[in-house]
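Trainee: I've got a structure open and I'd like to learn how to read it. Could you walk me through some features?

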Amino acid sequence: MAEKVVLVLFDAVGYDAALRDCGTLEGLVEAGLARRWCMRSVLPSLSAPVYETLHTGTPPYVHGIRSNDRVVLSKGPHVFGLAREAGRTTGAVAHYFFSELYNVAPYDALRDMEVDDPSLAIQHGRFYSELGYTKWNLNLPSETDLFTRATLLIRRHCPDYLLIHGFAPDALGHLYGTASVEYHHAVWALDNALAEVLHLWRDEGYRVLVTSDHGQTEDGRHGGTTDAERLVPFYDVGHPQGGVATETVSQLAVAPTLLSIMGVKPPPVMTVAPLSGEFGPS
Ligand SMILES: [Zn+2]
């Protein structure tokens with residue numbers, strides 16, 4: 001049976017950080033209401049390459065987004081486009097890199113920040129930037145505003161696929177390191193804000209997946225190959241088998257998982273099997 005699906009992307013929240021600071025999600029795992037995997041990121045463990053991997057099911061050397069320095073339109077096929085072609089509705093509340101990857105590049109805030117256009121791959125988009133952030137002035141949406149905006153988008157447009165992207169842990173980790181109280185608080189704050197809306201989305205019939213693009217080292221770096229940079233959590237709230245999976249899985253599984261939950265057949269270029277339980281492609 002096809003379902004609607006939300007993907008919550010916590011930026012730069014490694015596996016150990018999630019287990020330590022995400023009490024809401026871990027509580028659902030403990031109660032058997034969610035399933036958690038340990039997932040290994042592709043390389044390089046950088047945001048834009050991984051954003052594209054999460055939506056194409058292919059590694060950077062295939063999809064061509066190789067660093068954060070050159071973000072261009074995705075060549076696809078990607079989850080947003082495949083969902084739209086299958087008659088599904090798409091949305092995102094996310095960093096502007098996603099507008100550049102799937103809607104239009106380069107990003108022009110006055111044109112692209114808020115869009116409701118069925119011809120775009122991300123049909124209902126609400127984008128933000130961290131441009132101008134400094135150590136003393138982080139220009140990021142609060143976690144509560146982020147999830148409120150997403151919940152309003154769900155109520156108004158009922159997207160079959162909604163991406164929600166919280167950027168603060170990455171920014172705070174770079175500034176203060178992942179052992180800092182600032183980083184711990186940023187991770188906890190996302191989990192805490194999620195607690196107030198998760199049940200609303202479930203009531204609307206959404207399967208809710210939560211993961212991260214990459215982790216970070218204690219001194220605030222990523223892009224390399226260590227477990228601190230590569231191992232991330234993957235939670236599936238609503239998976240028929242709750243608890244903890246013992247195997248470490250590939251990040252290439254996320255795109256086919258999203259499609260299979262929506263009842264859209266993954267294309268052959270997505271070579272890894274979905275993690276979505278009995279919900280196979282239609
Ligand atoms: Zn970063």
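Trainee: Which residues form one aromatic cluster here?

Mentor: Keep in mind that this is a predicted model. The cluster is made up of Y51, F80, Y96, F97, F98, Y102, Y107 and Y161. Searching the whole structure turns up nine aromatic pairs. Take Y51 and F97: their ring centres are 6.5 Å apart and the planes meet at 65°, so this pair is edge-to-face. It also ties together distant parts of the chain, since Y51 sits in helix α3 and F97 in helix α6, 46 residues apart.

Trainee: Are Y51 and F97 buried or exposed?

Mentor: Y51 is buried, and F97 is buried too. While you're looking at rings, find W37: R35 lies over its face, 5.3 Å from the ring centre.

Trainee: Okay, on to the metal. Which residues coordinate the zinc ion?

Mentor: Look for the donor atoms around the ion. D170 gives two of them, both OD atoms, while H174 and H222 each give an NE2, at 2.1 to 2.4 Å. Along the chain, the donors follow the spacing D-x3-H-x47-H.

Trainee: Why is the arrangement around the zinc ion irregular?

Mentor: Check the angles. The four donor atoms subtend 57 to 153°, and a tetrahedral site would need all angles between 85 and 135 degrees. That spread is why the arrangement counts as irregular.

Trainee: Where do D170 and H174 lie?

Mentor: Here's the general idea: an α-helix has 3.6 residues a turn, so residues three or four places apart point the same way. In this case, D170 and H174 both lie in helix α9, four residues apart, or about one turn. Their exposure is worth a look as well: D170 is buried at 5% relative accessible area, whereas H174 is partly exposed at 34%.

Trainee: How do I read a longer stretch, say α8? Which of its residues are buried?

Mentor: Start with the span. Helix α8 has 15 residues, which should cover 21 Å at 1.5 Å a residue, and its end C-alpha atoms are indeed 21 Å apart. Its buried residues are E143, L146, F147, A150, T151, L153 and I154. Down the axis of α8, these buried residues fall within an arc of 155°, so they line one face of the helix. On the other side of α8 you'll find R155 and R156, both exposed.

Trainee: Which residues are buried in helix α2?

Mentor: L25, E26, L28 and V29. Down the axis of α2, the buried ones again fit within an arc of 155°, so they line one face. After α2 comes G32, with a positive phi near 80°.

Trainee: What should I look for in the backbone?

Mentor: Most residues other than glycine have a negative phi, and most peptide bonds are trans. So hunt for the exceptions. A12, in the loop between β1 and α1, has a positive phi near 65°, and A12 is buried at 0% relative accessibility. C158 has a positive phi near 45° and is found in the loop between α8 and β6. At 40% relative accessibility, C158 counts as partly exposed.

Trainee: And where does a cis peptide bond turn up?

Mentor: One joins G76 and P77, with omega about -5°. P77 lies in the loop between α4 and α5. The bond from L43 to P44 is cis as well, with omega near 0°, and P44 lies in the loop between β2 and α3.

Note on methods: Residues are numbered from 1 along each chain as its sequence is written. This is a predicted model: local features need pLDDT of at least 70, side-chain atom pairs count only at pLDDT 80 or more; totals for chains, interfaces and linings use all residues. Side-chain values use heavy atoms; hydrogens and water are left out. Donors are N, O and S atoms within 2.8 Å of the metal (3.2 Å for Na, K and Ca); water is not among the atoms, so sites may look incomplete. Four donors count as tetrahedral if all angles lie between 85 and 135 degrees; four count as square planar and six as octahedral if opposite donors are over 155 degrees apart and all others between 65 and 115; anything else is irregular. Helices (H or I, at least four residues) and strands (E, at least two) are DSSP runs, numbered from the N terminus. Buried means under 20% relative accessible area, exposed over 50%, partly exposed in between (1.4 Å probe, protein chains only). Rings of Phe, Tyr and Trp (its six-membered ring) pair if their centres lie within 6.5 Å; planes under 30 degrees apart count as stacked, over 60 as edge-to-face and the rest as tilted. A charge sits over a ring if NZ of Lys or CZ of Arg is within 6 Å of the ring centre and within 35 degrees of the ring normal. The expected span of a helix is 1.5 Å times one less than its number of residues. The arc is that of the directions from the helix axis to the C-beta atoms.
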